[in-house]
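Student: I am new to this structure and would like a close look at a single part of it. Could you walk me through the aromatic rings, step by step?

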Amino acid sequence: MKMLKSDDANLKVAATALRKGKLVAFPTETVYGLGANAFDAKAVAHIFEAKQRPTFDPLIVHLYSPSQLPSVIDPGKISSTQMNLIERLIKTLWPGPLTLVFPRNSMIPDIVTSGLPTVAVRIPANSVAQRLLKFADCPVAAPSANPFGYLSPTRAEHVRDQLGEKVDYIIDGGRCSVGVESTILDISENPPLILRQGGTPQEVIEALIGPVVGMNKAIGNPRSPGQLPGHYAPHVPLELYEYRALPPATEQVDKEAYLFFDEASCIAWKKLYNQKLSVFQVLSSKGNLADAAANLFDVLHTLDSMDLRVIRAERAPDKGLGVAINDRLYRARSLAKRVGVV
Ligand code: TXA
Ligand code: MG
């Protein structure tokens with residue numbers, strides 16, 4: 001494995017490696033992706049091996065321009081009403097943290113789509129990702145660059161620590177600015193269906209194309225395994241509570257981490273319980289949802305590297321990016337049942 005800085009000379013090296021069937025981890029605005037040439041079934045199989053990901057879980061194909069769409073989708077299977085919605089979404093929200101599900105064409109190997117008749121596609125907004133995809137000039141299949149079910153990586157170091165030698169190159173593009181994965185939208189349903197809440201809030205999509213159905217409960221529907229409970233999870237058990245409902249610490253306070261949404265909640269908790277915490281973090285001091293999303297996985301990685309018995313987190317407000325934050329916390333929580341826990 002080689003860690004590369006994100007200058008054009010290095011990106012060309014990584015792009016050539018992608019074309020030759022190698023695995024390249026790269027930054028996007030959401031999380032780091034583990035990429036392979038989407039037309040190379042053997043290379044894509046290596047992604048599943050590296051992540052220990054079940055092959056029933058399809059991958060997102062990354063492009064740098066909508067002009068590449070005909071190489072992966074089948075426009076003949078899209079109605080004019082759907083095409084109209086797609087055009088509006090693409091014009092305003094691409095590049096960006098929105099994945100659209102299209103009818104696929106026969107060029108895309110089955111391993112990418114898990115044999116589904118559809119393919120999920122997005123154009124990342126991160127400039128390193130865009131340059132890499134342009135230099136590679138092939139569609140790149142890329143899941144988040146973490147072992148299956150574990151926390152997503154938002155820094156190159158997270159990828160190195162989790163996947164290390166299983167990857168050929170890791171491009172270091174610093175910290176991901178959005179911090180939660182893309183929103184996945186299926187426009188073949190009427191009304192369109194959000195398969196995964198993510199970096200593009202439902203309100204933003206609805207302002208463009210009208211009402212959509214949001215799936216924001218963990219229902220275990222394998223149509224999008226990111227919806228499975230027990231995904232995005234740290235090794236340390238995580239308990240999830242409503243906002244401002246975190247309980248007092250026990251006598252093991254040095255083994256218990258508290259994750260507050262904002263400073264106001266942290267202050268209120270300390271006043272209420274008059275306890276000193278040894279490990280605590282605030283997702284966003286002023287309660288800004290974009291800052292909180294960008295910090296979420298980073299903070300969880302930090303806490304997960306400490307010798308802790310439990311992480312106690314509270315929910316964010318259920319609006320805008322808060323919906324994606326709460327979705328990730330909900331799936332990350334330990335499934336052990338406790339009174340008062342969400
Ligand atoms: O932000 C993101 O989307 C990141 C970056 C790297 O782009 N990628 C990402 O990939 O989160 P991954 O593999 O961790 O999650 C992809 C999700 C999976 O839950 C998968 O089931 C769903 O996308 N998916 C892929 N193809 C699909 C399809 N044809 N229909 C429905 N869901 C699909
Ligand atoms: Mg993932």
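Student: In which helix do Trp269 and Tyr273 both lie, and how many residues apart are they?

Tutor: Happy to help! Please keep in mind that this is a predicted model. Trp269 and Tyr273 both belong to helix α8, which covers residues 263-273. They are four residues apart, or about one turn of the helix.

Let us look at the rings themselves. A pair of aromatic rings is described by two things, the distance of the centres and the angle of the planes. For Trp269 and Tyr273, the ring centres are 5.3 Å apart and the planes meet at 55°, so this pair is tilted. An angle over 60 degrees would have counted as edge-to-face. As for the surroundings, Trp269 is buried, with 4% relative accessibility, whereas Tyr273 is partly exposed, its relative accessible area being 29%.

Now for another pair. Phe260 and Phe280 are arranged edge-to-face, with 6.5 Å from centre to centre and 75° between the planes. Phe260 sits in strand β13 (residues 256-260) and Phe280 in strand β14 (residues 279-282), so their pairing ties together parts that are 20 residues apart in sequence. Here, too, one partner is buried and the other partly exposed: Phe260 has 0% relative accessibility and counts as buried, while Phe280 has a relative accessible area of 33% and is partly exposed.

These two pairs belong to one picture. Ring pairs join Tyr258, Phe260, Trp269, Tyr273 and Phe280 into a cluster. Helix α8 supplies Trp269 and Tyr273 to this group, and strands β13 and β14 hold Phe260 and Phe280. In the whole chain, the count comes to eight aromatic pairs.

Finally, let us step back to see what surrounds this part. The chain has ten helices and 15 strands. Its radius of gyration is 20 Å, close to the 20 Å that the globule rule gives for 342 residues, so the chain is as compact as a globular protein of that length. Along the principal axes, its C-alpha trace spans about 65 × 45 × 30 Å. Buried residues, such as Trp269 and Phe260, make up 55% of the chain. Of the contacts between residues at least 6 apart in sequence, 68% join residues at least 24 apart. On the outside, the accessible surface comes to about 14200 Å², with 53% of it belonging to carbon and sulfur atoms.

Note on methods
Residues are numbered from 1 along each chain as its sequence is written. Chains are lettered from A and ligands numbered from 1 in the order in which they are written. This is a predicted model: local features need pLDDT of at least 70, side-chain atom pairs count only at pLDDT 80 or more; totals for chains, interfaces and linings use all residues. Side-chain values use heavy atoms; hydrogens and water are left out. Helices (H or I, at least four residues) and strands (E, at least two) are DSSP runs, numbered from the N terminus. The radius of gyration is taken over C-alpha atoms; the globule rule is 2.2 Å times the number of residues to the power 0.38. Buried means under 20% relative accessible area, exposed over 50%, partly exposed in between (1.4 Å probe, protein chains only). Contact means heavy atoms within 4.5 Å. Accessible areas come from the Shrake-Rupley method with a 1.4 Å probe; for residues, only the protein chains shown count as cover. Rings of Phe, Tyr and Trp (its six-membered ring) pair if their centres lie within 6.5 Å; planes under 30 degrees apart count as stacked, over 60 as edge-to-face and the rest as tilted.
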